[in-house]
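Dear colleague,

I am handing over the structure we spoke about, placed just below so that you can have it open while you read. My notes on what was found in it follow.

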Amino acid sequence: MTTDPAPGPILRLRGVCTQFPVRGGFLGSLVGRPSAWVKAVDGVDLEVQPEEIFGLVGESGSGKTTLGRTMLRLVEPAAGTVEFEGRDITHLSEADLRPLRRRMQPVFQDPHAALNPAMTVGDAVAHPLRVHGLASDRADARRQAADMLERVGISPPGAFLDRYPEDLSGGQKQRVVIARALITRPRLVVADEPVAMLDMSVRAKILELLLELKREFGLTYVFITHDLATAKFVCDRIAILYLGRVVETGPAAAVYAGPQHPYTRALLDAVPSPDPTHRNPDRRLPSGEVPDAVDPPGGCRFHPRCPDGFAPCGWEGRDLVAALEERWTDPATFEAECDMVGPLSAVQVSRHGVVFPRGGDALATLLGRLCEEQAHRVFTAVTAVERGGGERVEVRLQEGPEPALQTVENRLVACHLHGVVARDGVLS
Amino acid sequence: MNARLVRLRRLWRTTHPTARRLMVAGGVITGLFLLMAVFAPWVAPYGEAQYRGLPQLGRPGADHWFGTTNLRYDVFSRVVFGTRLAFQVVILSTAVAMVIGVPLGLVAGYTGRWVDRVLVLVMDAMYAFPSLLLAIVAAFALAKYVGPGVPAAAISISVIYVPQYFRVVRNHTLAVREETFVEAARAMGAPRRTVVGRYVFFNVVQSVPVIFTVNAADAILTLAALGFLGYGVPIPAAEWGYDISRAIGDVANGFWWTSFFPGAFILLLVTGLTLLGEGINDIINPLLRRRGVGVGAVAPGAVVVERSATVATPELDAATVGGADSEAPPTEAVPLEPTPVDVPAAAAGAPPPPPVPVPVPADVALSVRDLRVTYASARGPVVAVDGVSLDVRRGESVGLVGESGCGKSTLGRGILGILPGGATATGRVVVDGVELSTLSANERRKARGEKVALIFQEPMTRLDPLQRVEDHFVETIQAHRPDVTRREADAMAATALAAMRIPLTRARHYPHEFSGGMRQRIMIALGLVLGPAVVVADEPTTSLDVIVEAQILDILDDLRRQSSMALVLITHNLGIVAQTCDRLAVMYAGHIVEEGAVGPVFSTPRHPYTQGLLASVISLDTERLSSIPGSPPDLLDPPPGCRFAERCPFAMAVCREQVPALAPTDDGSKVACHLYPGADERHSGQRWVPVGRRDDTHDPLLEGALQ
Amino acid sequence: MASGGGSLRAYVLARLLLAVPMLFILLTVTFVLLRVAPGDPVTATLGGRVSDARADQIRHDLGLDRPLWRQYTSYLADVAHGDFGRAITTNRPLRTTIADRFPATLELTLAAMVVAIGVGVFVGALAARFRDTVLDVGGRMLGILLYAAPIFWLGIMLQLLFSIQLHWLPTGGRIAPFQEPRSITHLYLVDALITGDWAALGSAFRYLILPAATLGMVIGGIFIRLVRVNMLQTLKSDYVEAARARGIGERRVLFNHAFRNALVPVVTIVGLQFALLLGGAVLTEATFTWPGIGLSLYQFLQNRDYTAVQGLVTFYALFVVGVSLLIDVVSAWVDPRIRFQ
């Protein structure tokens, strides 16, 4: 198998979407049709250049792990294409993919789960050789495995070859996982949080090992992490993911020096600095948590939490109800206004507004006042507060397009603050 | 293979001695029965159907130990041969069930899709049907094709167990299929049959021995029931159930032995098998459970596995799931749930001298003196916290840092006196001027929540899933202030929730309706509702995303600034300490090795361990990676002298001999290191006063509720 | 709260729909095993004891001379109408047999369930609470021994002791002759209570004690294990520790948190054990000549009456599906997490 690496990116993703079914309880499982889909990855384009370290950074639910698995075709993308070494592998059969697999390997977050408890360390590391016929016989495979174990710092390898994973510490297991990934001499390694489960004093050692091995074997890494500090130290370029979308991507140095997306900025602000003389009490943290990916927010997906949100961000009816609930965390206001609105379950929300079945003039006045005061960012998008029949009050909201990635200062950013540009052509 | 045996032996030793004894008893009983079955013709004085010349309904005696029947059988010989028959049927029936059920379960679990759905539906239907009736129906239907005998009985019985093997193997396969190591096998390009064979099957078969023993016990009972109903193995074969059914008439006339002995044999053998099965389950299940599989509670007669698990595949993007791991090979020390072994009452030895009241300054909210917490592990006592003293002033925030396993969490729990069973604590804990060690168990309970609160690491599991959030508050408030009415408690709950910015519209929701960050805020609100003087937060943000972590830390920070609450923040994240704490204490292997204000300790760390920890932090400003070589010592047998000496770049001869004392430095910090003056003072404090010996987990039910 | 109720309704509906294929499978299996497999049930049942002409007549009467698929569809249709066919040996419709005898079985199983839950919950919770003490080992051993005792043998031994040796209780039957209370619910205990017939109540109770205790204790042995294991789990759960850390009283921690949560899985499993209870009821009724469906089944089995066995088994299938449906709804009602899934 001669592989004269094609020039250009080693990995290229175009419009990749990956989704998982959400089973609708009993009935769904019976009929076998999911009631909904979670789009874990939703239209991602990116390119990874040979011998660089490309960071995928995001919180839980950002889709970074799924994206990593999609790159390796461990899950099938629902749309888009995945090219490895210039070859479209999106629709290759598992049999055709098999020879390619030795050149693209994963390293997992939990080294304990990544090793078969019923296989010795030696067998685990040698198994890829046997699968790909890279060893002449058992003894050769064992010898190669021992060499690779030695290389990743498991020494003396002879003492470990016949042990089971559970006799190893977390750091040792991760070294074994790395040895198994590298024994077929891959070009691309997708490392998913390779140090997150390790004790902090071990993290540095594993990171150093990964960097050394990269130099030695000329590897390309996709480094998946939630930890911005590690990503900054390790990565050449990064992409920040939020709810399945890339919100900012570019050279790591540029992104860290001057983040252009409010989400990136928030992430950086939230990282606690180990320098007690640099406390940052004025940081503006986003509110709330990552919403449910089954039904992501419209417009910019970050808008409900964004400290800089404004009218075109794509505000929806439910944002307005959430703003009221937040307002009612003051018990006195709650007492005064809750009865006016009535049970929230009766309130109808839609993408474009809210209909309150009761509330009447009092509620309309209140909402008007909140708009004037701009009590919450959602009120910047209110276009009308109208009295309907009876006690009905209707609120209409300005529509907001989903932001497209646009070039800002040497990187791509998807945020309306840099000019309202609508994203188009997204598969839905 | 050798490593395997070592592993089983280790698991065997970690089981409770009583459980071990019971398992051995079960094994012995089963073994004796097996021997009796194999050597039946030699053991039994008569053949199974030999009756010429024997007395009719003879009483048990020297000639006929168990008496004779009205058909002149020797009861003892019958029950001995019955053993043989029972084993034949059991082995055959479970073999048949296994051969059908295991592959079906494997296929259904691994392929999923419609094959799985159809099979699950069919098997669930069969499983729901009364098993005895199923066997009867099968025997009844088979009667036309297979003459009555061992094969017919075995096949009828196997029908019951096919769904059981199927369910267990299928659910287990489903779980294993989602394991990372299976994905790793796919990623290395292993063909499907290799993945299923070497990676899935090998792990799934581990659950089979457990089901086997359980089913064997059940099969014996079913065979007897079939025999009793006339659908077992017919005469002249010796079958216990059939013999009992023949003996009903004898009972009415007072001839008890014809029915008693066959039944007693069943009772004994089934008991033996069940004990053995439970033992195997105890040993094997930890292997499975460690990977989150677990066969579920194995109940005799029914292998209970979670109802048809429809495993959706949500993205588990697990951020740092707190679970940290050291470079050291795992030891059995400090098992997650310390195995209670026979620890002598006062592990510390000498009877505690009467407490000497030492005045605590009024501005000190929490004062810990010589706290020592000992866990009982299978290999001996482990001193997880070894003579720790710490003061926290009102409104002060103290960070407690160190690698995992250094005793931070144990110290936190020791302060509250909630330790797992088998743990003992000695020393003094004074909270808000009240010495907890002098309080009665009930008063100490009341102090928890009222004076000192604990906030845990995993907010997702800390709320009772069956209780509404509001009810947690009411319960807590009324436990401490019985005269508060429900209305007032509701109002207090609302205030507490509002302070944590939880929408009041959601006070009556259940815990599972909240996100992780909200649950942690609820837990904080719950901890603070009674206004405690001290809050111990044990890694409160480790399982949360970085932004939510920052939100929670801001809340905690605001709280202690607004009130005079003292905060003990246990964390492994030094950045958090730098940002939110006034002082910090560094723990290593059960000792505090350095303590002081955050500023000086971060700018000029003195202890080499603190220096190493600070250097290994990866922050946005990191330009060079650094780590501490080696790993913390085994606390079962800690080294003499300084516990860090082994890993210390500056270690001297004295370090390996003498424990350094925590001595003050010129800037008000304290450090326990021989590099600095004062370290060679005698290690202080041998006067331990019991704080709370497990009476928190083991008391009032009997005294209170059941008498 | 309205939304909670709504999703419970949706859950019940989904669960009902799931019961349909389950019932269908059980009925089909029953039909195949008891109607198709034995070949001609009339010959199988009566053998050469009747003339060929008579046998043909019976076949025709029972519709057994039609093609199998016709028999299958009419079987399903009959079941849908509550018709369980006729017994070959007695030529009585099984519907009557069931109507006569089901109340006795129900009375026995309910009483046994009370015994089982009483024994299981009490001993199991106690064993868990005092884990690894003498109480625990004793409780566990009791659980294993009760489970390991064959029901019929335990019944016989109890008869031997309490009826034959001590003469305290009757050996079999449901009530003393001519003591039956006026029928309302057909459950003697209930009827006697409603009508205030104290003599009947006493008699029914005396007859019920031994069978109910036998069946209940054996099932109770399993409950001991279940309750113990579940309670052990909840006792070391995070929320129990959290409740203790809040200073909640130990009694409340035990009952409101540990015990309540331990019962959730138990409710589900009780549903599964109900099937076991029905199987055990057959043996108990045969041992104590308790005039329930189990005793009928026993008698029909002795007579090899295929159509009768088929009818009774069909009824059992319906009953099992109904009970499992009920149990699932109850657990959804107990555990808010299920209905919100």
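In this predicted model, the buried residues of helix 16 of chain B are B:Ala489, B:Ala493, B:Ala496, B:Leu497, B:Ala498 and B:Ala499. These residues pack against helix 13 (331-341) of chain A, and also against helix 15 and helix 17 (516-528) of chain B. Helix 16 itself covers residues 486-499, and its 14 residues reach 20 Å from the first C-alpha to the last, which is close to the 20 Å expected at 1.5 Å a residue. After helix 16 comes B:Arg501, whose phi is positive, near 60°.

Helix 17 of chain B, one of the partners just named, has 13 residues and reaches 18 Å between its first and last C-alpha, close to the 18 Å expected at 1.5 Å a residue. Because 12 of its 13 residues are buried, helix 17 of chain B is largely enclosed by the rest of the structure. Among those buried residues are B:Arg519, B:Gln520 and B:Arg521, as well as B:Met518, B:Ile522, B:Met523 and B:Ile524. The elements they pack against are strand 8 (452-455), helix 15, helix 16, strand 9 (534-538) and helix 18, which belong to chain B.

Helix 18 (residues 546-562) of chain B also matters for the contact between chains, since 78 residues of chain B are in contact with 85 residues of chain A, and helix 18 gives the most to the chain B side, with seven residues. By class, that side has 38 nonpolar, 25 polar and 15 charged residues.On the side that faces chain C, 79 residues of chain B are in contact with 71 residues of chain C. The elements of chain B that give two or more residues to this side include helix 5 (113-128), helix 6 (131-142), helix 10, helix 12 (257-289) and helix 22 (700-705). By class, the side of chain B that touches chain C has 48 nonpolar, 17 polar and 14 charged residues.

Helix 10 (residues 208-229) of chain B also packs with helix 7 (residues 150-177) of chain B, at an angle of about 150° and with the axes 10 Å apart, and the crossing of the two is right-handed. Helix 7 of chain B brings to this contact residues including B:Ala153, B:Ile157, B:Tyr161 and B:Val168, while helix 10 of chain B brings residues including B:Ile211, B:Asn215, B:Ala219 and B:Leu226. By class, the contact has 10 nonpolar, four polar and no charged residues.

Which residues have the most contacts inside the largest nonpolar core? They are B:Ile136, B:Ile220 and B:Val534, in a core of 449 residues, and helix 9 (residues 198-235) of chain C gives the most to this core, with 20 residues. Leaving aside residues up to four places away in sequence, B:Ile220 touches B:Ala86, B:Val90, B:Ile266, B:Leu269 and B:Val270.

Chain C, finally, has 14 helices and zero strands, and its C-alpha trace spans about 85 × 55 × 40 Å along its principal axes. Of the 341 residues in chain C, 53% are buried, and among its contacts with a separation of 6 or more, 72% join residues 24 or more positions apart.

With best wishes

Technical notes:
Residues are numbered from 1 along each chain as its sequence is written. Chains are lettered from A and ligands numbered from 1 in the order in which they are written. This is a predicted model: local features need pLDDT of at least 70, side-chain atom pairs count only at pLDDT 80 or more; totals for chains, interfaces and linings use all residues. Axes are lines fitted to C-alpha atoms, for helices over the stretch in contact, and angles run from 0 to 180 degrees between N-to-C directions. Helices (H or I, at least four residues) and strands (E, at least two) are DSSP runs, numbered from the N terminus. A crossing is left-handed if the near helix is turned anticlockwise from the far one by less than a right angle, and right-handed if clockwise. Two residues are in contact if their C-beta atoms, placed from the backbone, lie within 7 Å. Ala, Val, Leu, Ile, Met, Phe, Trp, Tyr, Cys and Pro count as nonpolar, Asp, Glu, Lys and Arg as charged, and the others, Gly among them, as polar. The expected span of a helix is 1.5 Å times one less than its number of residues. A residue is buried if 20 or more other C-beta atoms lie within 10 Å of its own, exposed if 12 or fewer, and partly exposed in between; C-beta atoms are placed from the backbone. A nonpolar core is a set of buried Ala, Val, Leu, Ile, Met, Phe, Trp, Tyr and Cys residues joined through C-beta atoms within 7 Å.
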